[in-house]
Amino acid sequence: TNPRTLEFARGLRSRFADDKALLGEVLAMFRNEKFVYTLEPPPLGEHPVDDFLFRTRSGFCEHYASAFAVLMRAAGIPARVVTGYLGGEINPLGNYMIVRQADAHAWTEVWL
């Protein structure tokens with residue numbers, strides 16, 4: 001239900017027959033265009049992925065992961081959002097891992 005995103009993905013697919021090349025183009029867009037990582041993003045509307053990609057360009061890992069997954073799926077590349085924890089630190093006194101909510105993360109897996 002994100003019409004601009006779906007249209008954008010169709011355009012990418014028409015330019016890139018190779019899945020890796022299409023994937024690389026989207027990753028380059030996130031790296032090279034003005035996207036901002038923030039834990040306090042502005043609210044999104046009825047089409048949240050459209051809003052993130054084309055209006056606010058501000059968000060945290062879940063915004064990026066979901067937008068990437070929607071783009072990949074719309075281009076015919078199987079993808080899913082994965083959530084979990086990334087990082088943590090070893091407590092040297094008890095020799096166990098301390099994992100905090102701040103270590104929560106989301107990313108996208110694609111099937112190539």
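**Helix packing and the nonpolar core**

In this predicted model, helices H1 and H4 cross with right-handed geometry. Thr5, Leu6, Phe8 and Ala9 supply the H1 side of the contact, and Val70, Leu71 and Ala74 supply the H4 side. Six of these residues are nonpolar and one is polar. The contact of H1 with H4 has no charged residues. H1 spans residues 3–15 and H4 spans residues 61–74. Their axes come within 8 Å and cross at roughly 55°. The two helices are therefore oblique to each other.

The largest nonpolar core holds 21 residues. Within this core, Leu22, Val26, Phe30, Leu53 and Met72 touch the most other members. Two or more residues come from each of H1, H2 (19–32), H3 (48–56) and H4. H4 gives the most, with six residues. The contacts of Leu22 were then examined without its neighbours within four places in sequence. Leu22 is in contact with Leu12, Arg13 and Phe16. Leu22 also contacts Met72, Ala75 and Ile77.

Ile98 lies in strand E5, which covers residues 96–98. Its relative accessible area is 22%, so Ile98 is partly exposed. Residues up to four places away in sequence aside, Ile98 touches Gly88, Glu89, Asn91 and Asp103. Ile98 is separated from Phe8 by 90 residues in sequence. In space, the C-alpha to C-alpha distance between Ile98 and Phe8 is 41 Å. Phe8 itself is one of the H1 residues in the contact with H4.

How values were computed: Residues are numbered from 1 along each chain as its sequence is written. This is a predicted model: local features need pLDDT of at least 70, side-chain atom pairs count only at pLDDT 80 or more; totals for chains, interfaces and linings use all residues. Side-chain values use heavy atoms; hydrogens and water are left out. Axes are lines fitted to C-alpha atoms, for helices over the stretch in contact, and angles run from 0 to 180 degrees between N-to-C directions. Helices (H or I, at least four residues) and strands (E, at least two) are DSSP runs, numbered from the N terminus. Angles under 35 degrees count as roughly parallel, over 145 as roughly antiparallel, 65 to 115 as roughly perpendicular and the rest as oblique. A crossing is left-handed if the near helix is turned anticlockwise from the far one by less than a right angle, and right-handed if clockwise. Contact means heavy atoms within 4.5 Å. Ala, Val, Leu, Ile, Met, Phe, Trp, Tyr, Cys and Pro count as nonpolar, Asp, Glu, Lys and Arg as charged, and the others, Gly among them, as polar. A nonpolar core is a set of buried Ala, Val, Leu, Ile, Met, Phe, Trp, Tyr and Cys residues joined through side-chain atoms within 4.5 Å. Buried means under 20% relative accessible area, exposed over 50%, partly exposed in between (1.4 Å probe, protein chains only).
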